[in-house]
Amino acid sequence: MDCDLEKLACPEFPDRVFELKDFAGGSGDQDTLQRAVDECRRQGGGTVRVNPGVWRTGAVKLYSNIRLYLEEGSRLEFSADPADYLPMVFTRWEGIECWNYSPLIYAADCENIAVVGKGELYGSGPQWWHWKSLQQKAARKLYDAEADGIPVDERRFGTVEAALRPSFIQFVRCRNVCFSDFSISEGPQWMIHPVYCENVLVKGVNVISGGPNTDGLNPDSCSNVRIEDCTFATGDDCIALNSGMNEDGWRVNRPCENILIRRCRMTKGHGGVVIGSGMSGGVRNVRVQDCVFDGTELGIRLKAMRGRGGVVENVVFDRIRIDHIPGPAIQITTFYQATTTPPKSSVPPLFRDLTIRNISGSGNLLGMEMKGLAEAHLENLTLENIDLAADSAMECCDISGIALNCVRIVKNPSRQS
């Protein structure tokens, strides 16, 4: 990896502290937090401290040199009224650039920025989730815009009719970012979503979500990211590494790279640690180690399809426990189908130089599924010290170069006849 990820740390901030209680304007005031943040910015940065108690707010925009500190016993509850997330901001929605509703907590082009502390963030997600059934027309329009080369500034949504749900936390083009210790629950869509960010530390965060597409943590075309000691129970993938979708991912051409994920626990979600399917800008130099996936729908999951293009390479999964998976414990597939809008092209993705080792677990439906395309095989897979119990062992096709060393998949003991 190009960066020493062990050296990533939360940035330092000016000594100034702004207590949220000092900015309260009365019962039902949803601008309290933004006023505190704006004053902190005016004075040159520092810490905005969210005091114990329940605080209601609309969209919050953070700036450079500001730390949002959630005291233990504090809870920020975000409005469910879409009007509270206007005006629109630049965003990346499911891998495609556009203008849409502001994420609940948003920052763009900032340095030294953090959300930390043992408080809670609640996103009022149940009031947004029915938009999943309303979004298809707008999602198709957005994808057509990228495929047809419509300029990003003309891709404007941000209406109830479009129904494109915002992310909970999204930082765009930020540097020296820290998320630490808080609990975050029930966002409209993706929960923690750094986009085009560098030097990102995520530590000790608890992510809970139950709605559609509520991925837990999505580093999106980010570089130099360390994620550790976090827990996830989500309505979609727990951690998903992305880099843009189809033509828009190729245009931006910014990979997700230099990623370390360790000591995380996933108990609910589609996949434990996932790469794709929006990997069109490339994903490389990833290490995942010392994690537990217990009860997610899939465990290790690398997914793409024809039309994505892009390259996933130099990925290592090491010392992972995978239990009670009602699908493949390990899946690498280029036949993924569950996409919001199918690609217009047939450019194949490429997966190569992948290592999966020191994996154990039981109670799984399928040990391993590894499927490349006839025109783009999976390349250079190393599987070693795999010890799994599953109903079925392995399904494979179109792989060029696979090394197996000490791979053992046995029948689930409780299901033997």
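Helices (H or I, at least four residues) and strands (E, at least two) are DSSP runs, numbered from the N terminus. With that in hand, here are some exercises to work through on the structure above. It is a predicted model, in which local features need pLDDT of at least 70 and side-chain atom pairs count only at pLDDT 80 or more, while totals for chains, interfaces and linings use all residues. Residues are numbered from 1 along each chain as its sequence is written, and side-chain values use heavy atoms, with hydrogens and water left out.

**Exercise 1. A salt bridge inside a helix**

Find the helix that holds both Glu39 and Arg42, and describe the contact between their side chains.

Solution.
- Step 1: Both residues belong to helix H1 (residues 32-42), where they sit three residues apart, about one turn of the helix.
- Step 2: Their side chains meet in a salt bridge, at 2.7 Å from N to O. The term stands for a side-chain nitrogen of Lys or Arg within 4 Å of a carboxyl oxygen of Asp or Glu.
- Step 3: Now classify Arg42. Buried means under 20% relative accessible area, exposed over 50%, and partly exposed in between (1.4 Å probe, protein chains only). Arg42 counts as exposed because its relative accessibility is 61%.

**Exercise 2. Salt bridges across the chain**

The structure holds 35 salt bridges. Locate the partners of the Arg263 and Asp229 pair, then do likewise for Glu257 and Arg284.

Solution.
- Step 1: Arg263 and Asp229 form a salt bridge of 2.7 Å, N to O. This pair links distant parts of the chain, 34 residues apart: Arg263 is in the loop between strand E21 (256-262) and E22, and Asp229 is in the loop between strand E18 (223-228) and E19.
- Step 2: Arg263 is partly exposed, with a relative accessible area of 40%, and Asp229 is also classed as partly exposed, at 31%.
- Step 3: In the salt bridge of Glu257 with Arg284, the closest N and O atoms are 2.7 Å apart. Here too distant parts of the chain are linked, with Glu257 in strand E21 and Arg284 in strand E24, 27 residues apart.
- Step 4: Glu257 is buried, with a relative accessible area of 16%, whereas Arg284 counts as partly exposed at 33%.
- Step 5: Salt bridges that share partners tie Glu6, Lys203, Arg226, Glu228, Asp229, Arg262 and Arg263 into one network.

**Exercise 3. Reading strand pairings**

Work out the strand order of the open sheet of four strands, then trace the residues opposite Met266.

Solution.
- Step 1: Two strands pair if DSSP finds at least two bridges between them. The open sheet has the order E4-E9-E12-E15, with parallel pairing.
- Step 2: Its edge strands, each pairing on one side only, are E4 (60-61) and E15 (192-195).
- Step 3: Strand E12 (residues 169-172) is joined to E15 by four bridges, and Val172 stands opposite Val195 in E15.
- Step 4: Turn to strand E22 (residues 265-268), which runs parallel to strand E19 (residues 231-233) and is joined to it by three bridges. Phe232 stands opposite Met266 in E22.
- Step 5: E22 also pairs in the parallel sense with strand E24 (residues 283-294), over two bridges. There Met266 stands opposite Phe293.

**Exercise 4. Unusual backbone**

Locate two cis peptide bonds and two non-glycine residues with positive phi.

Solution.
- Step 1: Keep the usual case in mind: most residues other than glycine have a negative phi, and most peptide bonds are trans.
- Step 2: The bond from Leu86 to Pro87 is cis, with omega near 10°; Pro87 lies in the loop between strand E6 (74-78) and strand E7 (89-93).
- Step 3: Another cis bond joins Gly276 and Ser277, with omega about 5°. Ser277 is in the loop between strand E23 (273-275) and E24.
- Step 4: Glu94 has a positive phi of about 45°. This residue sits in the loop between E7 and strand E8 (96-100), and is buried, with a relative accessible area of 12%.
- Step 5: Asn176, in strand E13 (residues 175-180), has a positive phi of about 65°. At 23% relative accessibility, Asn176 counts as partly exposed.
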